[in-house]
Amino acid sequence: MNYLAYTFSNPSNENLKDMLMELLGEIGFDSFMDIDDGFTAYCTEPAFDMEALNGLLQMEQFADVQVVNKELIPDQDWNATWEASYEPAIIDETCRIRAPFHEPDSSYKYDLCIEPKMSFGTAHHETTSQIIKLMLTEDFKGKDVLDMGSGTGVLAILAKKLGSATTVAIDNDEWAYRNALDNIKMNDENEIIVELGDANSLNNRQFDIIIANINRNILLRDMKEYVKCLKKDGKIFFSGFYESDLVLIRKEAERLGLSYLNHVKKNEWTAAVFINK
C-alpha cells in the first residue's frame, strides 16, 4: 500500500501543533514524525482526502501553516524511511520498545521487539507510552485482557509479559492485524489471540482489564460495548485524547457505571483508568 507524506510547517502557536495532528488523524493520517520547524504526516493513498485537508488548513487557527513538501512513498520504501530515524522508546527505565535492527538489552525488565510497518504503536507517541506507564503499575497476573484497537500489538504483548492469562488483541485494519501477528511471533507470545474486527466483534466476552488506546470520538461511541465486557472490579485504560477531553470521557464512563481512578498526562495527551465497581 502506498503512502502519502505531507510535511507541514509548525503553527505559530506551538500549543496548536498537537491539535493539528489530532485533526489530521481524524481525516486519515495515521502516523507523524517531527522535523526541524515542522512535522511530516503519513496517510495511506486510498484514505487520503484532499478536500478534507484543504478544509482543515483553511481553519483560522491554522492559517499560517504551510505544506512544505508532499511525497508519494511506495510501500517497499516505508521501512527504510522508518529505520533512518527510529530509536528505541524507554518507559520508566523498565520497559524498552525496540525495532528488529536494534540489539536486545537484558538490563531492561521488559525488552519488546516491535516492527510497526504501517501500524500505530511503537511507544514513541505519548498515548502509547502513557498506557505502558500505567500498565507497569498494574497487576496483570492471571487476568483476562482485551487490547482494543491493538495496532502493532505492543500493549497486548506487554500484558502477556506482565502475566496475563487470556489476551485478545482486536483491530479493524487488516494491515494492523497481520502486523500484530508478526510482532507476537517475534516476541514469543503466541498464545495471544489476534482478531480483525471492531466493537461489534466483542459479543459480551468478559475481561478483567480492557485497554483502549484509540481516539476520543471512537472511545465515546463504543464505550458502552467495552463496559458490557468488563467484569465487576475490572479496570479499563483509555488513551488517545487530550486532557481537555477527559471531562467528556469521564462523564460518559460514569454514566455507564464506571468510577474514575486516576490519569497521567504528557504534552496535553492523557491516559486514564476507570474501574467497574
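**Loops, sheet and helix packing in the predicted model**

Phe 120 sits in the loop that runs between β7 (110-113) and α4. The structure described here is a predicted model, and this loop residue makes a convenient place to begin. With a relative accessibility of 36%, Phe 120 is classed as partly exposed, since that class covers values between the 20% limit for buried and the 50% limit for exposed. Beyond its neighbours within four places in sequence, Phe 120 has contacts with Asp 30, His 125, Thr 127, Thr 128, Ser 150, Gly 151, Thr 152 and Asn 213. Asp 198 lies 78 residues from Phe 120 along the chain, and the C-alpha atoms of the two are 16 Å apart.

Two of the contacts of Phe 120, Thr 127 and Thr 128, are also listed among the buried residues of helix α4. This helix spans residues 126-135 and is mostly covered, with 9 of its 10 residues buried. Besides the two threonines, the buried set consists of Glu 126, Ser 129, Gln 130, Ile 131, Ile 132, Leu 134 and Met 135.

A second loop residue, Asn 187, is found between α6 (174-186) and β10 (193-196). Its relative accessible area of 7% makes Asn 187 buried, as the limit for that class is 20%. When residues up to four places away in sequence are set aside, Asn 187 touches Asp 111, Leu 112, Cys 113, Ile 114, Ile 157 and Lys 161.

Turning to the sheet, four strands are arranged in the order β2-β3-β1-β4, forming an open sheet with antiparallel pairing. The edge positions belong to β2 (29-35) and β4 (67-73); each has a single partner strand, so one side of each lacks a neighbour in the sheet. On average, and ignoring direction, neighbouring strands are turned by 20 degrees against each other. The antiparallel strands β2 and β3 (residues 38-44) are joined by 6 bridges, and Phe 29 has Cys 43 in β3 as its bridge partner.

Two helices accompany these strands. Helix α1 (residues 16-26) lies across β1 (3-9), β2 and β3, and runs at about 150 degrees to β2. Helix α2 (residues 50-57) also packs on the sheet, where it touches β1, β2 and β4, and its direction makes about 10 degrees with that of β1.

Aromatic side chains add another layer to this picture. The model has a count of 10 aromatic pairs. One of them joins Tyr 6 and Phe 29 in an edge-to-face arrangement, with 6.2 Å from centre to centre and 80 degrees between the planes. The pair connects distant parts of the chain, as Tyr 6 belongs to strand β1 and Phe 29 to strand β2, 23 residues apart. Both Tyr 6 and Phe 29 are buried. They belong to one aromatic cluster together with Phe 8, Phe 32, Phe 39 and Phe 48.

Further along the chain, helix α7 (residues 216-228) packs with helix α8 (residues 246-255) at an angle of about 10 degrees, and their axes are 10 Å apart. The two helices are therefore roughly parallel, given that this description applies to angles under 35 degrees. On the α7 side, the contact involves Arg 216, Leu 219, Leu 220 and Met 223, while α8 contributes Leu 248, Ile 249, Glu 252 and Ala 253. By residue class, this contact comprises 6 nonpolar, no polar and 2 charged residues.

Note on methods: Residues numbered from 1 in each chain as written. Predicted model: local features only at pLDDT ≥ 70, side-chain atom pairs only at ≥ 80, totals over all residues. Heavy atoms only, no water. Buried < 20%, exposed > 50% of the residue type's maximum accessible area, 1.4 Å probe, protein only. Pairing = 2+ DSSP bridges. Axes fitted to C-alpha atoms, helices over the stretch in contact; angles between N-to-C directions. Contact = heavy atoms within 4.5 Å. Phe/Tyr/Trp six-rings, centres within 6.5 Å; stacked < 30°, edge-to-face > 60°. Parallel < 35°, antiparallel > 145°, perpendicular 65-115°, else oblique. Nonpolar A, V, L, I, M, F, W, Y, C, P; charged D, E, K, R; others polar.
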